[in-house]
Amino acid sequence: MDATLSQSAPLLTIRARSGWAALNLAEAWQFRDLLFSLAGRDVRLRYKQTALGVAWVILQPLIAAALFAFVFGKIARLSSGDVPYFLFAFAGMLAWNVFSTTLSKSSTCLIGNAQLISKVYFPRVILPLSTVPSALIDFAVALALLFVLMPVYGVVPSLGMLLLPVWLFLLLVLAVGSGLIASALTVSYRDVQYILPVVTQFLLYGSPIAYRLAEVPARFRALYFFNPLTGLLEAFRWSLLGPGGGQLHSGYLAYSAAFSIALFLVGMVTFKNMERKFADVI
Amino acid sequence: MPGDIAISVRGLSKAYTITHNAERHVTLAEATLHRLRHPFQKQQKETFWALRDISFDIKKGDVVGIIGRNGAGKSTLLKIVSRITEPTQGEIDLYGRVGSLLEVGTGFHPELTGRENIYLNGHILGMRKGEIDKQFDAIVDFAGVEQFLDTPVKRYSSGMYVRLAFAVAAHLDCEIVVVDEVLAVGDTEFQKKCLGKMQDVSNSGRTVFFVSHNMAAVSNLCRTGIVLDGGRLSFIGSARDSIDYYVSRANARQQADSDGDMQTCRPSWARPTIRGARVIDADGNTVSCLRLGSDLGFELSFDVGDGAPLVNPVMGVVLNHPTFGAVGGVNMIMTATRMENGPHRTGTIRCLLRRPPLLQGEYRVDLWLNEGLTYVDLLSGYLTFSLEESDVYGTGRTPYKQMGVMYFEPEWRFGDGVQPRPVVALDGERVECA
């Protein structure tokens, strides 16, 4: 005991943690360079050895929006209000892509970097978080394209645009929260990889992305309330395309925000607690 | 002495849980189904202690070698020190930043260029950007990859790849360095460079924690040795003492294992006459594990029991290598050696081989006893011994294990009166690279 008393305090003490370990965000912050480095790696690698390269960032949402506009607008003849259907669907895809890429990338990031996890120490939470910058870059590119398309279709941006960062932030919080849970579970249960595409597929059609919430029969609309994406998507399109694009429902929004933040906290705690076993199980 | 401790380990244990009956459930469905089917069944779990109640202190600037058999817990210990996995019990105080080199090139991405990988790998090891900027030239210089900085590393030769990876890790600014077998990589030239770098590291007052199966490297590089055995700390002391301890422990274990049935090693015609047989060292101690280049002996004791006494007992030895078969043998007929004062009812014969030039590995011994030219008894493979590599050349290099069954101790001569000069000079226990 004397020896330890006269010694300056250790820089770090390693011991078994038990219970709900504290979230060590300070340490994650220390490793922020790694976060951007990993994100940079993903961005650089994504379109290596592709013929069209970065063009895919624009092509993917364009094709999806065109498809939705055709299927829902032309075949199913749903109304998109006073906004052109293509623009309407494109704005929806914009928001949806931020959510779905973050979620799907972060869910596989741990097993994709298994070698790193079993050989080097760093705050593991860096890995799922590092998927956010590349999703944001995609978003920025697609958003710029939207700004080019809007005058073409004669849609004038509204002041609601200023609130867009808020919706974007909440969307990311929701995506990262579910991504944290999915990635931590995937380490032990690889099924998550197979369930997740089904869930995202369900959410893609179960959320008002390719169609307006107003087009949903009234008796089903209550169900949409439980989908945290609903409020955010509507708000997103409201900001981008004005009232014709979506509605600002304070009830939906409050629910979405509360759900997102709660899910994020649950995700962080889940991740932190499963983190201890990662190197042993992966 | 307090105040100069780098690592303090107290009561460290690590348990892994092995689930028995039902194989580990890999899918959620399996796990859930199993729970549903057997709601009350308690899963048979077995706890495997990879480390058990380990305590020790390491002083600053010490170079510590960790020795032990496979599964002794060496890697687990390093993984805990480098925070990859958590201990189950106990704690470690670290008085300094830890840099770990558990596997060279972890996190290198083949598609990225050398430059990009230096940054990525540096960040993974916990370096800040400014730190890498500062060390960048030194890293590139050490690795010798200037011309290829903007080439994807997938186009690197494996040597360049390893050099670059080691260079990044070696320039990590930390007080405690954890190293696992990195010296097994790269060409000889680069290995030497690495040894030199490790030496620099320890000379600069940093603490090095080193796991290796290469006893020569441990004895050359380390001042302190820690022997782990079955997850427990069984010895801590100077590197040389630790290696000696490890080798002697291996002997004791093998002896215990091999007290098997002598009868199973006999062919049907053999008359059970040999009562005891053992592998011995030059002093007659029972051994089963020796260092390369040590004297090796075999002893048999016989007792004819009710049978006729032996007038001219002859002992023979054949050494067998698992892959190359018989590598050599000797007997008393060849050497025209005779045990005088016969006939003998009982007796002991020893055969001592001075520094046999056998390479490291496991060997099996056939031991036979004749009455003149008539076979009496044969123990085939009853005795075994292993040779552990050691620094026979005093250079920190050992003869290569895969090079047959023999090693040589050559004298190199040059024409024109040129004198040989060792490239790696031995200075006490340290290697200095020229």
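What follows is a conversation about how some features of this predicted model get their names.

User: Hi! Why are helices α5 and α12 of chain A called oblique to each other?

Analyst: Good place to start! Two packed helices are described by the angle between their axes and the distance between the axes. Helix α5(A), residues 85-112, and helix α12(A), residues 228-241, pack at about 130°, and their axes are 10 Å apart. Angles over 145 degrees would be roughly antiparallel, and 65 to 115 would be roughly perpendicular; the rest outside the parallel range count as oblique. The angle of about 130° falls in that remaining group, therefore the pair is oblique. The crossing of α5(A) and α12(A) is right-handed.

User: Which residues meet where α5(A) and α12(A) touch?

Analyst: From α5(A) come Leu87(A), Phe88(A), Ala91(A), Gly92(A), Ala95(A) and Phe99(A). They meet Leu229(A), Leu233(A), Phe236(A), Arg237(A), Leu240(A) and Leu241(A) of α12(A). Sorted by class, this contact has 10 nonpolar, 1 polar and 1 charged residues. Gly counts as polar and Arg as charged, so Gly92(A) and Arg237(A) are the residues behind those two single counts.

User: What makes α9(A) and α13(A) roughly parallel?

Analyst: Helix α9(A) covers residues 164-188 and helix α13(A) covers residues 250-281; they pack at about 25°, with axes 7 Å apart. Angles under 35 degrees count as roughly parallel, and about 25° is under that cut-off, so the name fits. The crossing of α9(A) and α13(A) is left-handed. Their contact has 18 nonpolar residues, 7 polar and no charged.

User: Now chain B. How do you know that helix α3(B) is largely enclosed by the rest of the structure?

Analyst: A residue is buried if 20 or more other C-beta atoms lie within 10 Å of its own. In α3(B), residues 114-124, 10 of the 11 residues are buried, so the helix is largely enclosed. Among the buried ones are Glu116(B), Tyr119(B), Leu120(B) and His123(B). The cover over these buried residues includes α3 and α6 of chain A, and also α4 and α5 of chain B. After α3(B) comes Gly126(B), which has a positive phi near 100°.

User: What do the two chains contribute where they touch, and which element of chain A gives the largest share?

Analyst: In total, 32 residues of chain A are in contact with 41 residues of chain B. Elements that each supply at least two residues on the chain A side are α1, β1, α3, α6 and α13. Helix α3(A) gives the largest share, 6 residues. By class, that side has 15 nonpolar, 6 polar and 11 charged residues.

User: How do you know that β1(A) pairs with a strand of chain B?

Analyst: Strands of a sheet pair through backbone hydrogen bonds, either parallel or antiparallel. Two strands pair if at least two bridges are found between them. Strand β1(A) and strand β4(B), residues 89-94, have 4 bridges, so they meet that cut-off; their pairing is antiparallel. One bridge partner pair is Thr13(A) with Asp93(B).

User: Why are β5(B) and β9(B) said to stand at the edges of their sheet?

Analyst: They belong to an open sheet of 6 strands in the order β5-β6-β7-β3-β8-β9 of chain B, with mixed pairing. Each of β5(B) and β9(B) has a single partner strand, so one side of each is left without a neighbour in the sheet. The twist from one strand to the next averages 20°. Within this sheet, β3(B) and β8(B) run parallel and are joined by 5 bridges, and Ile66(B) stands opposite Ile226(B). Helix α2(B), residues 74-81, lies across β3, β5, β6, β7 and β8 of chain B, at about 145° to β7(B).

User: What makes β10(B) and β15(B) edge strands?

Analyst: Their open sheet has 3 strands in the order β10-β12-β15 of chain B, with antiparallel pairing. Both β10(B) and β15(B) pair on one side only. Neighbouring strands here are turned by 10° against each other on average, direction ignored. Between β10(B) and β12(B) there are 6 bridges, and Val279(B) stands opposite Phe298(B).

Definitions and conventions:
Residues numbered from 1 in each chain as written. Chains lettered and ligands numbered in written order. Predicted model: local features only at pLDDT ≥ 70, side-chain atom pairs only at ≥ 80, totals over all residues. Axes fitted to C-alpha atoms, helices over the stretch in contact; angles between N-to-C directions. Left-handed = near helix turned anticlockwise from the far one by under 90°. Contact = placed C-beta atoms within 7 Å. Buried ≥ 20, exposed ≤ 12 C-beta atoms within 10 Å, placed from the backbone.
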